[in-house]
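Here are my notes for your first look at this model. Keep the structure open and check each point as you read.

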Amino acid sequence: MNIITSMAGIIFFKTRDLSRIKDFYTKMVGMEIWLEQADCTILKHGNLLLGFCQREEIDNQGIITFVYENTNQVYEMYKKFRLEALAEPVVNEKYKIYHFFIKDPEGRLVEFQSFLETVKI
C-alpha cells in the first residue's frame, strides 16, 4: 500500500476536453502533472491539487485560486494573461489581497492572488 502523508485533498472537476484543459493548466498556468489515471489527470501547484476527469458535462462552479508569495508574481501572471484577464490586477482592501481573474477554456473562473498581509503559505 502506498501511503501519502503530506496531501490534504484534491478538488475534482468534470471536463469535456481533458487534453485542452491539461495543456492550459500545465503550459499556461504552470501546474505540474501529479498523477495520470485512466480518464483523469491530477495537477499540482504548490499544495493545490486539481483533478480533471473526462466526462460528458463540465463542472465550472466556484473559483480556482492560485496564491503567490508577492504582488510581483501576480503581476507576472497578469502579463501572461493580459488578453484573457477580466480586468487589471487590483488591491482588494476588504480581503487585503492583490488579484485578477480569467476564465479557463471551459469557463471556470480562475483567480491569481497574493495576500498583502503576512500569512504563512
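Leaving aside neighbours within four places in sequence, which residues is Y75 in contact with?

1. **Y75 and its contacts.** Y75 touches P89 and Y98, once neighbours within four places in sequence are left aside. Keep in mind that this is a predicted model. Y75 belongs to helix α2, which covers residues 71–81. Its relative accessible area is 38%. Partly exposed means between 20% and 50%, so Y75 counts as partly exposed. Now find A85. Y75 and A85 lie 10 residues apart in sequence, and their C-alpha atoms are 11 Å apart in space.

2. **The sheet.** Look for an open sheet of 4 strands. Their order is β1-β4-β3-β2, and the pairing is mixed. In general, strands of a sheet pair through backbone hydrogen bonds, either parallel or antiparallel. Which strands stand at the edges? They are β1 (11–15) and β2 (32–36). Each has a single partner strand, so one side of each lacks a neighbour in the sheet. From one strand to the next, the twist averages 30°.

3. **β1 beside β4.** These two strands run parallel. The strand β4 spans residues 48–54, and 5 bridges join it to β1. For one position to check, take T15: it stands opposite Q54 in β4.

4. **Helix α1 on the sheet.** Helix α1, residues 18–29, packs on this sheet. It touches β1, β2, β3 (40–45) and β4. The direction of α1 makes about 10° with that of β3.

5. **Length and buried side of α1.** The helix α1 has 12 residues. From first C-alpha to last it reaches 15 Å, close to the 16 Å expected at 1.5 Å a residue. Which residues of α1 are buried? They are L18, I21, F24, Y25 and V29. These residues cover an arc of only 130° around the axis, which puts them on the same side of α1. A general rule helps here: an α-helix has 3.6 residues a turn, so residues three or four places apart point the same way.

6. **Two positive phi values.** Just after α1 comes G30, with a positive phi of about 100°. K96 also has a positive phi, of about 55°, although K96 is not a glycine. Where is K96? Look in the loop between β6 (90–92) and β7 (97–103). Is K96 buried or partly exposed? Its relative accessibility is 36%, so K96 counts as partly exposed.

Technical notes
Residues numbered from 1 in each chain as written. Predicted model: local features only at pLDDT ≥ 70, side-chain atom pairs only at ≥ 80, totals over all residues. Heavy atoms only, no water. Pairing = 2+ DSSP bridges. Axes fitted to C-alpha atoms, helices over the stretch in contact; angles between N-to-C directions. Contact = heavy atoms within 4.5 Å. Buried < 20%, exposed > 50% of the residue type's maximum accessible area, 1.4 Å probe, protein only. Expected span 1.5 Å × (residues − 1). Arc of directions from axis to C-beta.
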